[in-house]
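Visitor: I should like to be guided through this structure by question and answer. Please let each reply reason from the coordinates to a definite name or value.

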Amino acid sequence: MSAVGPAAERVEAAIAATERLNPTLNAYLHVDLEGARAAAAEVDAIDAARGAIADAERRAGGSVGPARPLAGMPVCVKDIVDVAGMPTTAGAADWVRHPDEDATVVARLRAAGAVVVGKGNTNEFACGIDGRNPHKGDCRNPWDPARLSGGSSSGPATTVAAGMAAGAVGSDTSGSIRVPAALCGVVGIRPTRGLVPTDGVVPLAWSLDAVGPLARDVATAALLLDVLAGRPPAPAPRPEVGGLRLGIATALMDLAEEPVLDALGAAAAGLRGAGAAVVDCELPDLEHATGIHRIVQACEVAAAHAPWFERQRDRYAPGVRARIEAGYALSAETYLRAQRHRRLFTRAFAAAMNGLDAVLAPASPVLAPPIEAEEVTVRADRRPVRAALLSCVAPLSQLDCPIVTVPAGIREGLPVGLQLIGRPGSEALLLRIAAAVESNGGPIGPTSL
Amino acid sequence: MMPRPDDPDALVAAELAELEALAAALSEGEVDGVPPVQGPQDWE
C-alpha cells in the first residue's frame, strides 16, 4: 500500500465530511471527489519532488523556493464562479454554462496548491440573503439544520463550518459573504472593491460585487485573501490592537437582538482589554443608504440579466424575477442620481471615521432564523427575514471598502458575527483586529454535527 | 397589502412601487455638481 501524503489526508477528511453531511446540509451543488483525490495526489507528488530537490539543493549549499501556500487545502467555490470541468449553474433553474477556463480566482487557488472539492450552493443568481433555493434545495445551517445558513454564499460558509472544506470563495454584493459567515460561525472577508478580480463570475451588480474568502479562522482567511488578490502571502495577522481607536456603530447596534448585543459587547470588552479604545460612533443616515443601494442594485442586476432575461423569465423564482424585472422600469437618470448620492454617502461615512481606525457593527441583528420563517422579531417588531438580514450589511456594501466578519461567540447554541469596517486597502489592519477578537474566544468551528 | 408570493406580475409592481418611492427620496438638488461614485478613491 502506498503512503498517503498530507494533501491526500486533508482532502480525504473533507470528502468524508461531505459524504456524511451534504445529504443533510445541501451545501455542495456539485462535487468532483475523484478529481479532488487526483489533484491531492498531484500536490503530494509535487511536494515530495520538491523535498527531494530541496535536500539536493541544501547539500549543494543552495535552496528552493517556499512551499505553495495552500498546498492540499480542500476548497469550495460558490456556484457562480467558473471552475473548468464543472458546471456553473448559479443556483438557477435550467441555466448552466460549462466553462473551459477557470475564473482568475480559481486559477490562483489551484496555482497555490488548493484542491477544488466542488461548487457551493447559492441563492438563485446570488440574488438573496437567506440561503434558500427553490430550484436546488435550501442550504441548511451546520449548527442546526432546521435553521437558515444565510446567503447568498450559503454553500461556501456551510462547507467551511462543517469541515467539508478548509476554505471557500464567495461573493458579496449586499452582504452575501458577511451574513452567511455570521450565521455559520466562520470568518468572511468582503475585500476593497477591485482588489480581487471578478472575471469568470456571474455578475449580480457590477459596481457592488466583491469576491472574497471564507475560512474557519482569521489566519486562513488572510492567507486565502492574499492568494485571491494575486500577491505574496503576508505573515499571519497578529492580535495586536494596542493604541487603536475603534468606533461602535450605535445605529446598527440599535437594530440587534439581545443575544447579538451581548456577544458583541463581550468582544468589545475584549478589545478594550487588549489595549484598544472603543467609543460610540455616529454614522450617516443608513436608511437613506439602503435606498441608494437598492436602486443601484436593481438597475445593475437588470442589465446583467438582459442577455438571458426573456428566455429565463418564467424560470426565475417569482421574488427574484420581481427584483430583476423592476429594474428595467427605472430610468438612467434615476440610476445615476443614486450613484451620485452614493458618492455623498461615501464621503459622509469617511468623515464619520475621522479619528477612528475601524468601525464595529453586528453582521446580522438576529441569530440564524428557523428555515421556514418568513418573519423574525427584532426589537419587538416583526420584520421580513430578508429585510432583517440585510439591515446591518446592505447600507455598507456600497462603500467600496473592506469589511471582515469574524465570529464573536456563541449564544443560545448559535454563532454571532461581528463586522469590522475599514478604509479602502486596510484589510491587514482589520485582520489584526479580527485576530484579537478570535484570540478572546478562539475559532468556534467546526460544528458538532 | 403584500402581493401573493405566486403572482409574479403583482410582485414586480410592488417591487417597482418601492423602488420608485426610494428614488423619490433622493433629491436632485442635493447632488447638484456631484459626479457619480468612482470607487475606493472617493474616500480620499
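**Loops, sheet, helices and chain contact**

Visitor: Where is A:Ser152 placed, and which residue shares a cis peptide bond with A:Ser152?

Guide: This is a predicted model. A:Ser152 is placed in the loop between strand S5 (144–148) and helix H4 (154–161) of chain A. The peptide bond in question has an omega of about 10° and is cis; the partner of A:Ser152 in that bond is A:Gly151.

Visitor: Is A:Asp94 buried or exposed?

Guide: A:Asp94 is found in the loop between strand S2 (74–78) and helix H3 (104–111) of chain A. Its phi is near 55°, a positive value in a residue other than glycine. A residue with 12 or fewer other C-beta atoms within 10 Å counts as exposed. A:Asp94 has 9 such atoms, and therefore A:Asp94 is exposed.

Visitor: Is A:Asp400 buried or exposed?

Guide: A:Asp400 lies in the loop between helix H13 (385–390) and strand S14 (403–411) of chain A. The phi of A:Asp400 is near 60°, again a positive value in a residue other than glycine. The threshold for a buried residue is 20 or more other C-beta atoms within 10 Å. Because 21 are found around A:Asp400, A:Asp400 is buried.

Visitor: Which strands stand at the edges of the open sheet of chain A?

Guide: The sheet has 11 strands with mixed pairing, in the order S1-S3-S2-S6-S8-S7-S14-S15-S11-S9-S10 (chain A). An edge strand has a single partner strand, so one of its sides is left without a neighbour in the sheet. The edge strands are strand S1 (28–31) and strand S10 (277–281) of chain A.

Visitor: In which sense do S2(A) and S3(A) pair?

Guide: Within this pair, A:Val77 stands opposite A:Lys119 in S3(A). S2(A) and strand S3 (residues 115–120) of chain A are joined over 5 bridges, and the sense of the pairing is parallel.

Visitor: What angle does H14(A) make with S14(A)?

Guide: Helix H14 (residues 427–441) of chain A lies across strand S7 (187–190), strand S11 (358–362), S14 and strand S15 (414–421) of chain A. One residue among those with the most contacts inside the largest nonpolar core, which has 156 residues, is A:Ala434. H14(A) runs relative to S14(A) at about 10°.

Visitor: Is A:Gly212 buried or exposed?

Guide: A:Gly212 is placed in strand S8 (residues 210–215) of chain A. Not counting residues up to four places away in sequence, A:Gly212 touches several residues, including A:Gly170, A:Asp172, A:Ile189 and A:Leu225. Because A:Gly212 has 32 C-beta neighbours inside 10 Å, it counts as buried.

Visitor: How many residues of helix H11 of chain A are buried?

Guide: Helix H11 (residues 318–327) of chain A is mostly covered. What covers its buried residues includes helix H9 (286–305) and helix H10 (309–312) of chain A together with helix H1 (8–24) of chain B. Among the buried residues are A:Val320, A:Ile324 and A:Gly327. Of the 10 residues of H11(A), the number buried is 8.

Visitor: How is H9(A) oriented relative to H11(A)?

Guide: The axes of H9(A) and H11(A) come within 7 Å and cross at roughly 95°. That angle makes H9(A) roughly perpendicular to H11(A). The residues making the contact include A:Ala298 and A:Cys299 of H9(A) and A:Arg323 and A:Ile324 of H11(A). By class, the contact of H9(A) with H11(A) has 6 nonpolar, 2 polar and 1 charged residues, and the orientation is, once more, roughly perpendicular.

Visitor: Which element gives the most to the side of chain A that touches chain B?

Guide: The contact takes 34 residues from chain A and 22 residues from chain B. On the side of chain A, H9, H11 and helix H12 (332–352) each give two or more residues. With 13 residues, the element that gives the most is H12(A).

Visitor: Which residues of chain B are in contact with A:Ile295?

Guide: Chain B has 1 helix and 0 strands, and 20% of its 44 residues count as buried. Leaving aside neighbours within four places in sequence, A:Ile295 is in contact with A:Leu330, A:Thr334, A:Tyr335 and A:Ala338 on its own chain. From chain B, the residues in contact with A:Ile295 are B:Leu19, B:Leu22 and B:Ala23.

Conventions. Residues are numbered from 1 along each chain as its sequence is written. Chains are lettered from A and ligands numbered from 1 in the order in which they are written. This is a predicted model: local features need pLDDT of at least 70, side-chain atom pairs count only at pLDDT 80 or more; totals for chains, interfaces and linings use all residues. Helices (H or I, at least four residues) and strands (E, at least two) are DSSP runs, numbered from the N terminus. Two residues are in contact if their C-beta atoms, placed from the backbone, lie within 7 Å. Axes are lines fitted to C-alpha atoms, for helices over the stretch in contact, and angles run from 0 to 180 degrees between N-to-C directions. Angles under 35 degrees count as roughly parallel, over 145 as roughly antiparallel, 65 to 115 as roughly perpendicular and the rest as oblique. Ala, Val, Leu, Ile, Met, Phe, Trp, Tyr, Cys and Pro count as nonpolar, Asp, Glu, Lys and Arg as charged, and the others, Gly among them, as polar. Two strands pair if DSSP finds at least two bridges between them. A nonpolar core is a set of buried Ala, Val, Leu, Ile, Met, Phe, Trp, Tyr and Cys residues joined through C-beta atoms within 7 Å.
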